[in-house]
Amino acid sequence: MLDKLILYFEYPMVRYALIVGVLIALCSSLLGVTLVLKRFSFIGDGLSHVAFGGIAIASVFNVSHEMYVVLPITVISAVLLLRTGQNTRIKGDAAIAMISVGALAFGYLLMNIFSTSSNLAGDVCSTLFGSMSILTLSLSDVVLCVVLSVFVLTVFVLFYNKIFAVTFDENFSRAVGTNASGYNLLIAIVIAIIIVLAMNLVGSLLISALVIFPALSAMRIFKSFLGVTVFSAILSVICALLGIIFSILAGTPTGSTIVAVDVAAFAICSIIGNLK
Amino acid sequence: MSLITTKDLSLGYDNYAIAENINFTVNAGDYLCIVGENGSGKTTLMKTLLHLKEPAAGTIEMGDGLKSNEIGYLPQQTIVQKDFPASVREIVISGCQSRMGLRPFYNKEEKKLANRSMERMGISDLAGRCYRELSGGQQQRVLLARAMCATQKILLLDEPTSGLDPVVTVEMYDLIKELNDDGITIIMVSHDIEAAINYASHILHIGDEVFFGTKYDYLNSKVGRLFLSRQEVI
Ligand SMILES: Nc1ncnc2c1ncn2[C@@H]1O[C@H](COP(=O)(O)OP(=O)(O)OP(=O)(O)O)[C@@H](O)[C@H]1O
Ligand SMILES: [Mg+2]
């Protein structure tokens, strides 16, 4: 089995897959806590559906790099969703539900009407649950992924303390003169980018799992924000690596394998947390 | 010049007014206590002073070069979500956020300041503990330590003793008084009229009738006597 693995590593495809997998896992785990603790978790879920709609549009217009269509659509939706969320008159959750389900239905409809592909069901399935394997990445996919990941990581590290402050107590932050709305906007944009990134790895329906599970697992064991952030990043990367390697060896779908490993890690962390 | 002066300030949500014609002045070193019945608009006034909310009418003037990022604030309720992973140290130092501007990390001085505020509040030994696992009184101290990191000038406290037992309440009031003696201006909302009279230098009563003055004037005013007698009956 080890021989087989070593043989596989000779292929650039496999190496790309691992690089992309690690980066995406790292980025997606960072904002997990913020996402879990703010109503942003709804936004995350909604956005993944919007991204699905975006992919449908991209495929209808035969855009070669889907990301260039999906990314702006998702970021703009993130900004709009945040706006409606702040307006207490329109219930934020309802707006998000509307947009996300709408985007899902609309996307599927578009794909159905305009698709030239012979394997429509397969296309839809891989958009929702991730492609059967991530060995189909091109070099330009990898480059874009690296650029976006570096952006996300930089923003997160530079604004780590502000993100903590705004997540913990938004009113206090505002009261002492921090531009909380600005940081909320930044968080929403970063989440949108993470979602578009993660879509490559696990498909749009499983993104929330990739974002939320490592954070929830870490919260079982650690009690400080820093501890949770660092541990969930490490855990997420380990799970992604295990999942990718297993999926290559066993021929299982990459996305669901990674999520399965995340779930298993959550179970282990819960047990450890209870023992403590 | 005074730190804060309001002129004909009215408070309201949407189109209905809660309190009108509030005029008061806070000078450096004052200890102002805001009293009034439930729902009279005390929290709303605090939020308006902090620019979390627009005044319905009137103006608030900040004097003496007081900037909005030099105010410390202790909210009436901090709805911290269950399970929020945050250590005491992380929360206290987040009070320094207004000092950093766009600088990404806390510097040595800010870390020292956080340590000093924790010492001051007697919570140094809790620094590594999880906030959610502390008692109400300990949590209140943590939030006060955070507020102290945000300011050397003026603290706005909204019912800092709600939910505390009588002994801890007295400790809390003494701590606040000490801060005041060190030159920090205090604006505090309290239901505890006795404490207000014991500790404050000035009283602002809001409600149907607005009163502002020193506590001695308040004790001799009609509003004050009425409010006091009613409090004692209850
Ligand atoms: N977000 C809001 N929207 C509309 N009305 C509000 C809002 N918050 C408070 N009010 C109303 O404004 C009035 C004043 O509320 P406020 O919280 O300022 O009272 P308070 O004096 O602090 O009361 P308490 O002693 O109970 O803390 C109340 O009648 C309340 O119902
Ligand atoms: Mg109040």
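## Exercises on chains A and B

With a relative accessibility of 43%, Lys7(B) falls in the partly exposed class. The model is a predicted one, and the exercises below start from this residue.

**Exercise 1. Identify which side chain meets Lys7(B) in a salt bridge, and state where the two residues lie in chain B.**

Solution. Side chains of opposite charge can pair when their charged atoms come close. In this case the partner of Lys7(B) is Glu61(B), with an N to O distance of 3.2 Å, which falls within the 4 Å limit that defines a salt bridge. The next step is to place both residues: Lys7(B) belongs to strand β1 (residues 4-13) of chain B and Glu61(B) to strand β4 (residues 57-62) of chain B, so the pair, 54 residues apart, links distant parts of the chain. Glu61(B), like its partner, is classed as partly exposed, because its relative accessibility is 34%.

**Exercise 2. Work out which parts of chain B are tied together by the salt bridge of Arg120(B) with Glu178(B), and name the network that includes both residues.**

Solution. Begin with the distance, which is 3.8 Å from N to O between the side chains of Arg120(B) and Glu178(B). Then locate the partners: Arg120(B) is in helix α4 (residues 108-120) of chain B, whereas Glu178(B) is in helix α6 (residues 166-181) of chain B, and the pair therefore ties together parts that are 58 residues apart in sequence. As for accessibility, Arg120(B) has a relative accessible area of 31% and is partly exposed, and Glu178(B), with 41%, is also partly exposed. Finally, a network of salt bridges links Arg120(B), Glu178(B) and Asp182(B).

**Exercise 3. Explain why Lys177(B) and Asp181(B) are separated by about one helical turn, and classify each of them as buried, partly exposed or exposed.**

Solution. Lys177(B) and Asp181(B) form a salt bridge in which the closest N and O atoms are 3.9 Å apart. Both residues belong to helix α6 of chain B, and because they are four residues apart there, about one helical turn separates them. The classification then follows from the percentages: Lys177(B), at 25% relative accessibility, is partly exposed, whereas Asp181(B), at 54%, is exposed. The bridges treated so far belong to a structure that holds ten salt bridges over all chains.

**Exercise 4. Describe how helices α13 and α14 of chain A pack against each other, and sort the residues of their contact by type.**

Solution. First consider the chain itself, whose secondary structure comes to 14 helices and zero strands. Of its 276 residues, 51% count as buried, and of the contacts between residues at least 6 apart in sequence, 76% join residues at least 24 apart. Two packed helices are described by the angle between their axes and the distance between the axes. For α13 (residues 225-250) and α14 (residues 254-275) of chain A, the axes come within 8 Å and cross at roughly 135°. This angle makes α13(A) oblique to α14(A), and the crossing is right-handed. Residues of α13(A) in the contact include Phe231(A), Leu235(A), Leu242(A) and Phe246(A), while those of α14(A) include Ile258(A), Val261(A), Asp262(A) and Ala265(A). By type, the residues of the contact comprise eleven nonpolar, four polar and one charged.

**Exercise 5. Decide whether Leu32(B) is buried or exposed, and list some of the residues that it touches.**

Solution. Leu32(B) lies in strand β3 (residues 31-35) of chain B. Its relative accessibility is 1%, and Leu32(B) is therefore counted as buried. When residues up to four places away in sequence are not counted, the residues touched by Leu32(B) include Phe24(B), Val26(B), Ile186(B), Met188(B), Leu204(B) and Phe212(B). Pro104(B), in turn, is 72 residues from Leu32(B) along the chain, and the C-alpha atoms of the two are separated by 35 Å.

**Exercise 6. For Asp8(B) and Glu159(B), state what phi is near, and give the location and accessibility of each residue.**

Solution. Take Asp8(B) to begin with: phi is near 45°, a positive value in a residue other than glycine. Asp8(B) is part of strand β1 of chain B, and a relative accessible area of 44% makes this residue partly exposed. Turn next to Glu159(B), for which phi is near 45° and thus positive in a residue other than glycine. Glu159(B) sits in the loop between β6 (154-158) and α6 of chain B, and with a relative accessible area of 10% Glu159(B) is buried.

Note on methods: Residues numbered from 1 in each chain as written. Chains lettered and ligands numbered in written order. Predicted model: local features only at pLDDT ≥ 70, side-chain atom pairs only at ≥ 80, totals over all residues. Heavy atoms only, no water. Axes fitted to C-alpha atoms, helices over the stretch in contact; angles between N-to-C directions. Parallel < 35°, antiparallel > 145°, perpendicular 65-115°, else oblique. Left-handed = near helix turned anticlockwise from the far one by under 90°. Contact = heavy atoms within 4.5 Å. Nonpolar A, V, L, I, M, F, W, Y, C, P; charged D, E, K, R; others polar. Buried < 20%, exposed > 50% of the residue type's maximum accessible area, 1.4 Å probe, protein only.
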